[in-house]
Amino acid sequence: PDRDAVIGKRLASMFTFWNNTNNFNGSVLIARDGKILLQKSYGFAYKEGRIPLSDSTMFQLASVSKVI
């Protein structure tokens with residue numbers, strides 16, 4: 001298997017573990033050199049209604065460029 005495929009599978013395994021242990025809920029897109037390694041949504045948009053996240057789920061974002 002090519003290196004990018006192996007990395008993508010490892011990343012997917014990591015995010016799946018975090019989601020299954022209630023440590024991550026969200027959508028992920030990881031790319032390198034223009035090639036997508038992982039694009040997947042984990043968890044629910046609304047836990048109460050059990051509505052799953054998708055690649056078209058809208059998120060409210062705050063500033064992510066400030067140094068903490």
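This is a short walk through one protein chain, from its overall layout down to a couple of residues.

Okay, hi everyone. Before anything else, please keep in mind that we're looking at a predicted model.

Let's start with the layout. The chain has one helix and four strands. If you trace it from the N terminus, the order goes α-β-β-β-β, so to speak helix up front and strands after that.

Now, overall dimensions. The C-alpha trace spans about 40 × 30 × 25 Å along its principal axes. How does the radius of gyration sit against that of a compact globule of 68 residues? Well, such a globule would come in near 11 Å, and our chain has 14 Å. As for burial, 18% of the 68 residues are buried. The accessible surface adds up to about 5,800 Å², and carbon and sulfur atoms account for 56% of that.

A quick word on contacts and charges. Take the contacts between residues at least 6 apart in sequence: 34% of them link residues at least 24 apart. On the charge side, we have 9 positive and 5 negative ones, and their mean positions lie 6 Å from each other.

Right, on to the inside. In soluble globular proteins, nonpolar side chains tend to be buried together. So which residues form the largest nonpolar core here? There are six: L11, F15, V28, L37, L38 and Y42. Two elements, α1 (3-20) and β2 (35-42), each bring at least two residues to this core. The top contributor is β2, with three.

Let me zoom in on L37, one of those core residues. Leaving out anything up to four places away in sequence, L37 touches D4, I7, G8, L11, I30, A31 and R32. L11 from that list is a core member too.

Last stop: K40, which also lies in strand β2. Buried, exposed or partly exposed, what is K40? It counts as partly exposed, because its relative accessibility is 41%, and that falls between the 20% limit for buried and the 50% limit for exposed. Which residues does K40 touch, once those up to four places away in sequence are set aside? Those would be G26, S27 and V28, and V28 is a name you just heard in the core. Finally, K40 and T16 are 24 residues apart in sequence, while their C-alpha atoms are 9.9 Å apart in space.

That's my tour, thanks for listening.

Terms used
Residues are numbered from 1 along each chain as its sequence is written. This is a predicted model: local features need pLDDT of at least 70, side-chain atom pairs count only at pLDDT 80 or more; totals for chains, interfaces and linings use all residues. Side-chain values use heavy atoms; hydrogens and water are left out. A nonpolar core is a set of buried Ala, Val, Leu, Ile, Met, Phe, Trp, Tyr and Cys residues joined through side-chain atoms within 4.5 Å. Buried means under 20% relative accessible area, exposed over 50%, partly exposed in between (1.4 Å probe, protein chains only). Contact means heavy atoms within 4.5 Å. The radius of gyration is taken over C-alpha atoms; the globule rule is 2.2 Å times the number of residues to the power 0.38. Accessible areas come from the Shrake-Rupley method with a 1.4 Å probe; for residues, only the protein chains shown count as cover. Lys and Arg count as positive and Asp and Glu as negative; His and the chain ends are not counted. The place of a charge is taken as NZ of Lys, CZ of Arg, CG of Asp or CD of Glu.
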